[in-house]
Amino acid sequence: MATTRKSTTSEPVKMTPTQMRKKIAELETENNNYKENTAWCFMCGKPKKKDRFYDNTDPLVVSHCSPICKDCAKKIALRVDANGDEHEPTKESIQLALRYLNKPFYNKLYDSSIQESENSATGKTKNNAWTSYIKNVSMPQYIGETYADSDMFKEKIIYEDEKTTEDVIKGREDQDTYSSFIKNKNDVVRLLGYDPFEKEAISDQPFLYSQLLGLLDSSEDANDDMMRTASAISIVRAFLQQSKIDNAISTYMSDIRKLQNNSATIKSLQQSKKDLTSIIKDLAAESCISLKNNKNAKKGENTWTGKIKKIKDMNLREGEVNGFDLATCRGMQQVMDMSNASILKALRLDESEWSDMVAEQRQMITNLRSDLDNYKEISRILLRENIDLKDHMEEEGLIKPEDLVDLNELYSCFSSIEEDEEDDQSEENESSAES
């Protein structure tokens, strides 16, 4: 007896035209409801109901849904690991989640969200800083703001009295004026032991340090007279005030049409400048700062010997060979040679005196040549060790290349001697070849 197999496929239902129109209308309504209440998360790649997304207040976004869903944003902010465990959110993880949600990040709002998440007195404590922040940033006052409005992308406005040294150096690293300013500041602090213009505006400090450095003594011990030092600082500040008064007067006088209206102000500024000049003169006279009242002006400080002594007292390495030395001055060497030739011509020595002189010079040359060979060997050994030591310090970052002495320039004084020796050698070779 044959058994009949039940068909697994459903037979098409026959509908009347009226029933078909009703079914089509139901499908269209269901499709429209799906489109209106469903959004697509591009991170997890799944369609979800719109209530599983945050509101997107960007006026250009028609769907009004965030680019990713709440679950994906939470995984980013709470740093969900491979095991599915959540971790405490960090500032960086919250910023990353906001970047995908296209919502702004504000430092003040972040700080208040942390306090809110840790405050148990309100009875509405959040689980963590992320849930507090995402709730706060969804408030009406932040409507229309995106991630591009975050604090990271805003240029910070800094007033002159708020500037630090780091703000001044920005964009001016290669300027000579800034390097001179830093050098003058360090020298003033070294000589006085403190920073007298720490509270002054950064824009005024280059002028103040450069002027004060000219009034201080190069020796640290010579600035122990506190009355003189305080007077010097006050004088420099008065110079700065005078400079600002001059600038103000120039501004008022630049407009000839308003000169009559500004005449009273200009007269007041000129009187203030006159008072400052009187104060500067009195302080300079009492503290013996000006050249007219300086007690040390007649002690040879402004002579060449006094300047060389000042350089040596400052313990500058560049000043070690900066003296008036015959061995390092080519011009004086020529003067010395001409003087010796004139002396020999005037002496008119006889034959016996010439022989004694030649014998004495020969002995002297022999001794000097022996010393020269010894010093050459010593110099070679020390030069090799110096080069090895400088290479090691440069590799370790202990010394800058620009602070090193150029050896080619240092030994350039022997180049003329070597050229003469090469010329002599070439002449000998030519004469031997001709013979």
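This briefing walks through a predicted model, starting with the whole protein and then visiting a few local features. The protein has 435 residues, and buried residues make up 21% of them. Its secondary structure comes to 15 helices and four strands. Welcome aboard, and keep the structure in view as you read.

**The protein as a whole**

- The protein exposes about 33,400 Å², and carbon and sulfur atoms supply 52% of that area.
- Take the contacts between residues at least 6 apart in sequence: 50% of these join residues at least 24 apart.
- Eleven salt bridges are found in the structure, and several of them appear further down.

**Strands E3 and E4**

- Strand E3 covers residues 53-55 and is joined to E4 by two bridges, with the two strands running antiparallel.
- One place to look is Phe53, whose bridge partner in E4 is Cys69.
- Strand E4 spans residues 65-69 and is mostly covered, as four of its five residues are buried.
- As general background, side chains in a regular strand alternate between the two faces of the sheet.

**Helix H5 and what surrounds it**

- Helix H5, residues 129-136, is mostly covered, with six of its eight residues buried.
- Those buried residues are Ala129, Trp130, Ser132, Tyr133, Ile134 and Asn136.
- They pack against strand E3 and against three helices: H2 (70-77), H3 (91-101) and H4 (107-118).
- E3 therefore turns up twice in this tour, since it pairs with E4 and also meets the buried residues of H5.

**Helix H9**

- Helix H9 runs over residues 226-254, which gives it 29 residues.
- From its first C-alpha to its last, H9 reaches 42 Å, close to the 42 Å expected at 1.5 Å a residue.
- The buried residues of H9 include Thr229, Ser231 and Gln242, along with Ala232, Ile233, Ile235, Val236, Ala238, Leu240, Ile245 and Ile249.

**Salt bridges**

- In general, side chains of opposite charge can pair when their charged atoms come close.
- Lys48 and Asp71 meet through their side chains in a salt bridge, at 3.6 Å from N to O.
- Lys48 belongs to strand E2 (residues 46-49) and Asp71 to helix H2, so this pair ties together parts that are 23 residues apart in sequence.
- Lys48 counts as buried because its relative accessibility is 19%, while Asp71 counts as partly exposed at 34%.
- Lys183 forms a salt bridge with Asp187, and their closest N and O atoms are 3.2 Å apart.
- Both Lys183 and Asp187 sit in helix H7 (residues 176-192), four residues apart, which is about one turn of the helix.
- Lys183 counts as exposed at 53% relative accessibility, whereas Asp187 is buried with a relative accessible area of 17%.
- Salt bridges that share partners also join Lys48, Arg52 and Asp71 into one network.
- Another salt bridge links Lys154 with Asp151, where the closest N and O atoms are 3.9 Å apart.
- Asp151 counts as partly exposed because its relative accessibility is 25%.

**A nonpolar patch on the surface**

- Val13, Met15 and Met20 form a nonpolar patch on the surface, and together they have about 300 Å² of accessible area.
- Val13 is found in the segment before helix H1 (17-37).
- With 66% relative accessibility, Val13 counts as exposed.

**Two residues with positive phi**

- Most residues other than glycine have a negative phi, and the next two residues are worth a look with that in mind.
- Arg79 is not a glycine, yet its phi is positive at about 55°.
- You can find Arg79 in the loop between H2 and H3, where it is partly exposed with a relative accessible area of 38%.
- Asn102 is not a glycine either, and its phi is positive at about 60°.
- Asn102 lies in the loop between H3 and H4, and at 24% relative accessibility Asn102 counts as partly exposed.

Definitions and conventions:
Residues are numbered from 1 along each chain as its sequence is written. This is a predicted model: local features need pLDDT of at least 70, side-chain atom pairs count only at pLDDT 80 or more; totals for chains, interfaces and linings use all residues. Side-chain values use heavy atoms; hydrogens and water are left out. Patches are made of residues with over 30% relative accessible area and no salt bridge: like charges are joined within 9 Å, nonpolar side chains (Val, Leu, Ile, Met, Phe, Trp, Tyr) within 5 Å. Accessible areas come from the Shrake-Rupley method with a 1.4 Å probe; for residues, only the protein chains shown count as cover. A salt bridge is a side-chain nitrogen of Lys or Arg within 4 Å of a carboxyl oxygen of Asp or Glu. Buried means under 20% relative accessible area, exposed over 50%, partly exposed in between (1.4 Å probe, protein chains only). The expected span of a helix is 1.5 Å times one less than its number of residues. Two strands pair if DSSP finds at least two bridges between them. Contact means heavy atoms within 4.5 Å.
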